Amino acid sequence: MLPSLRPASTVGMFEGKTSVPSSPAIWPPAISATGLIKDFGGRRVVDGIDLAVPPGSIYGVLGPNGAGKTTTLRMLLGIIDPDGGERQLLGETSPLKAARKVGYLPEERGLYPAMPAREAIAFMGALRGLPLAEGRRRAARLLEEHGLGHAAGRPIRTLSKGMAQTVQLLGTIIHEPQVLVLDEPFSGLDALNQGRLEALIRAQAARGATILFSTHVIAHAERLCERIAIIAGGRLRFEGSVEEARDRLRPRVRLGTRAADGAWRAALPAAAIHAEGVWQFELPETGIEPLLRALIDGNAGIETLSIERPGLHDAFVAIAGAAAAEQLEVSAAGEVLP
Amino acid sequence: MKELVRAAAVIARRDFIATVWSKTFLFFLIGPLFPIVFAFVFTAMGTRSDEAASRPVVAVLAPAHVAADLQAAEAMLRARLGERALPELSYQRTDRPSDEQAARLLADKAHPVSAVLSVGGVPSLSAPPLQLRALRGELSLLLDVAARDHALGEAAPAATDIRLVETASSVGFENTGRHAVARGGQLVLVMLTMILAGMLLSNLIEEKSNKVIEVLAAAVPVDAIFLGKLVAMLGMSMVGIAVWGGGATAALLIAGPPIATLPVPAVGWPAYALLGIAYFTASYLLLGALFLGIGAQASTVREVQTMSMPVTMGQLVVFAFASSVVADPDGRVAMAATIFPWSSPFAMLARAAQDGAIWPHLLAIVWQALWIALIIRLAAKAFRRSVLKSGRSGRRGWFRKASPTR
């Protein structure tokens with residue numbers, strides 16, 4: 001069962017994020033999965049995943065290594081077949097039928113080492129139905145735009161890792177796909193190239209492409225995505241907007257007072273803890289106003305007061321559990337964080 | 001179907017260009033020349049040294065008049081049977097040949113001889129056992145001719161010349177020639193198929209190590225990847241065959257026997273060449289699809305070698321199976337070899353050399369094409385299951401463990 005999407009007015013409020021259609025019922029998802037299952041060697045590695053990626057959105061699949069992200073993406077693309085469940089890609093139940101409208105960047109980057117950069121990009125376009133001559137023209141332009149014009153005729157094996165990754169990414173978008181699927185696209189990139197990739201993803205979304213990417217770095221999902229799926233242990237733990245994920249937790253209140261005690265203490269939630277001179281507790285359902293009134297009336301002497309909205313990391317811990325969060329941190333170890 | 005062909009063409013084009021325009025392809029083209037050149041060099045060297053070593057020297061101890069008779073007989077025999085029909089004879093005139101003289105000559109290191117023929121009273125031949133057996137007949141013939149001519153004296157008949165009448169051919173000669181063409185054609189076909197189809201394996205392994213396979217599989221049907229690779233390698237093989245065939249034809253025209261003296265296959269050389277190409281294509285695709293299926297199961301060169309060995313051995317068995325057609329084209333074994341898809345191309349090529357009917361070949365080509373389609377589909381399924389870590393539990397690659405997921 002898919003959670004309902006938030007109204008468009010409540011999303012798209014963060015910089016660089018595009019608005020999301022209001023409901024899958026109105027806007028058929030560009031990519032969807034219902035109860036996807038995959039077994040390998042008698043072990044269930046994907047266990048009933050449900051997804052709905054709205055068209056034109058940036059959608060992140062978040063989870064630690066081994067969570068089943070790549071297997072899920074491969075099933076959605078038709079590279080492998082699920083053992084159970086259903087999938088749709090741009091309305092096609094056989095995803096390869098929509099292959100011409102899709103771009104895919106696998107986690108394990110693959111290019112022919114002897115192939116010149118321009119030819120490699122044109123070849124990837126040709127695989128998706130773009131005529132070779134047109135592919136070469138576009139490849140030359142894209143390489144120029146991304147500062148690699150000088151490398152157009154150089155074999156891939158002579159390029160640096162970052163340059164080769166850029167070439168592969170350009171090959172993924174050469175045919176201007178409607179859907180772009182990126183498996184761990186930021187993996188192994190330095191901060192500069194991560195920034196360029198983020199800009200490229202936003203540019204693709206701005207031209208109307210649907211972006212689905214997997215990551216084990218929360219910050220990437222938080223910065224780019226309107227909607228996310230949190231996967232751990234092959235199961236879907238959450239599917240919805242980033243805001244919805246964060247809303248799973250109540251905002252945290254941090255309160256510093258001059259008075260150590262008084263009648264106002266009765267207004268604090270029972271679970272409030274006092275540490276390092278500051279009270280910490282979840283924002284009560286009734287809001288902050290009744291508490292403020294009690295603090296003022298009780299002469300608590302408010303010195304500091306902050307209401308902090310939980311980040312996606314806190315939401316991840318709450319949704320997927322501490323163990324999954326720890327795995328996520330292990331997965332992200334060694335990555336350059338944005 | 002249209003999309004399948006389009007995608008296969010994109011992959012075939014890439015693979016073909018990448019292979020044919022590489023420097024290593026030049027080595028591939030000239031590779032077969034090395035064994036041929038070595039064979040020529042060693043044969044030439046061997047022939048020269050054999051000429052010296054293989055003609056044993058026989059010392060002949062005989063009185064002068066007997067030696068003269070023997071020399072006359074020797075000259076006549078060499079003229080009729082060829083220079084190499086007799087061992088080299090070294091005459092030593094002596095009135096009383098003895099065993100002691102013979103023993104001395106056999107032990108003489110300065111003038112080594114293999115045997116000593118003493119002709120005084122009863123002729124005797126002194127030599128080690130092997131030489132005795134080898135020389136006995138030839139030297140006996142020499143003595144017989146010398147004795148007959150001596151006995152008949154002036155009455156000995158002059159040598160008779162046979163009138164030679166040249167004919168275009170004979171059934172016996174044609175049959176022998178067609179047998180040779182059939183066997184030669186089969187041998188060439190099996191060698192080419194095994195060498196060239198095996199190259200597909202290394203191509204696929206390279207692809208897997210490049211991680212390009214996932215990019216391909218996400219964009220086009222796996223069947224198209226298979227078909228593209230097979231067609232590309234087939235094209236590359238055809239380039240190789242054209243170069244080697246052209247080279248062999250040129251060598252034949254320049255240094256070989258006259259074309260008219262070569263045996264002609266029953267269907268004629270042009271049809272035989274066309275059928276050869278068709279059967280190479282069929283056998284290449286049948287074996288290549290098998291190799292691709294195997295390559296999909298393996299992830300390292302070592303695994304590929306291990307897994308392809310039974311197929312290579314099997315191919316030799318298939319070759320032996322198909323060679324039965326040469327001896328008995330209509331026998332049961334030959335018919336079975338003709339029907340069994342992997343031996344069918346070899347069997348039919350042998351048939352083309354011996355039987356002029358064309359329709360069985362059209363039938364065989366259709367039959368083989370059906371099998372090619374089936375094998376490619378099955379191999380593609382195996383590929384999907386193993387290379388792309390797909391398929392249901394327990395039905396995956398033989399060597400592959402449960403795939404880690406990400």
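In this predicted model, helix α1(A) lies across β3 (58-62), β5, β6, β7 and β8 (227-232) of chain A, and its direction runs at about 155 degrees to that of β6(A). A second helix, α5 of chain A (residues 191-206), also packs on the sheet, where it touches β3, β6 and β7 of chain A. The direction of α5(A) makes about 150 degrees with that of β7(A).

The sheet under these helices is an open one, with six strands of chain A in the order β5-β6-β7-β3-β8-β9 and with mixed pairing. Its edges are taken by β5 (102-105) and β9 (235-241) of chain A; each has a single partner strand, so one side of each is left without a neighbour in the sheet. Going across the sheet, neighbouring strands are turned by 15 degrees against each other on average, if direction is ignored. Within it, strand β6 (residues 179-183) of chain A and strand β7 (residues 210-215) of chain A run parallel and are joined by five bridges. To pick out one pair, A:D183 sits opposite A:S214 in β7(A).

Chain A also has an open sheet of three strands, this one ordered β2-β1-β4 and paired antiparallel. Here the edge strands are β2 (43-53) and β4 (84-89) of chain A, each of which pairs on one side only. The twist from one strand to the next averages 25 degrees. Strand β1 (residues 31-40) of chain A is hooked up to β2(A) in the antiparallel sense over eight bridges, and A:A33 has A:L51 as its bridge partner in β2(A). Helix α1 (residues 69-77) of chain A turns up again at this sheet: it packs on it, touching β1, β2 and β4 of chain A, with its direction at about 120 degrees to that of β1(A). So much for the sheets of chain A.

Next comes a helix that is well wrapped up. Helix α2 (residues 117-127) of chain A is mostly covered, with eleven of its eleven residues buried. The buried set takes in charged side chains by name, A:R118 and A:E119, alongside residues such as A:I121, A:F123, A:M124 and A:L127. What does the covering? The cover of the buried residues of α2(A) includes α3 (132-145) and α4 (161-173) of chain A, together with α1 (2-20) and α8 (212-219) of chain B. Both chains therefore appear in the list of elements that cover α2(A). After α2(A) comes A:G129, which has a positive phi, near 95 degrees.Turning to chain B, its secondary structure comes to 15 helices and four strands. Of the 406 residues in chain B, buried ones make up 34%. Among the contacts in chain B with a separation of 6 or more, 75% come from residues 24 or more positions apart. The domain assignment splits chain B into domain 1 (2-32 + 174-386) and domain 2 (57-155). The centres of domain 1 and domain 2 of chain B, taken over C-alpha atoms, are 58 Å apart.

Strand β3 (residues 115-118) of chain B has cover on both faces. On one side B:A115 and B:L117 are buried, and on the other B:V116 and B:S118 are buried too. This fits a general pattern: in a regular strand the side chains alternate between the two faces of the sheet. As for partners, strand β1 (residues 57-62) of chain B runs parallel to β3(B), joined by four bridges, and B:V58 stands opposite B:A115 in β3(B). Strand β4 (residues 124-126) of chain B runs antiparallel to β3(B), with three bridges between them; here B:V116 has B:S126 as its bridge partner in β4(B). β3(B) and β4(B) form a hairpin, with five residues between them.

The last piece is a helix pair. Helix α10 (residues 269-297) of chain B and helix α14 (residues 344-354) of chain B pack at about 170 degrees, and their axes are 9 Å apart. The two helices are therefore roughly antiparallel to each other. On the α10(B) side the contact is made by B:Y272, B:L275, B:G276, B:Y279, B:A282 and B:S283, which meet B:P345, B:F346, B:M348, B:L349, B:A352 and B:A353 in α14(B). Sorted by class, this contact has ten nonpolar residues, two polar ones and no charged ones.

Note on methods: Residues numbered from 1 in each chain as written. Chains lettered and ligands numbered in written order. Predicted model: local features only at pLDDT ≥ 70, side-chain atom pairs only at ≥ 80, totals over all residues. Axes fitted to C-alpha atoms, helices over the stretch in contact; angles between N-to-C directions. Parallel < 35°, antiparallel > 145°, perpendicular 65-115°, else oblique. Contact = placed C-beta atoms within 7 Å. Nonpolar A, V, L, I, M, F, W, Y, C, P; charged D, E, K, R; others polar. Domains from an automatic or database assignment. Buried ≥ 20, exposed ≤ 12 C-beta atoms within 10 Å, placed from the backbone. Pairing = 2+ DSSP bridges.
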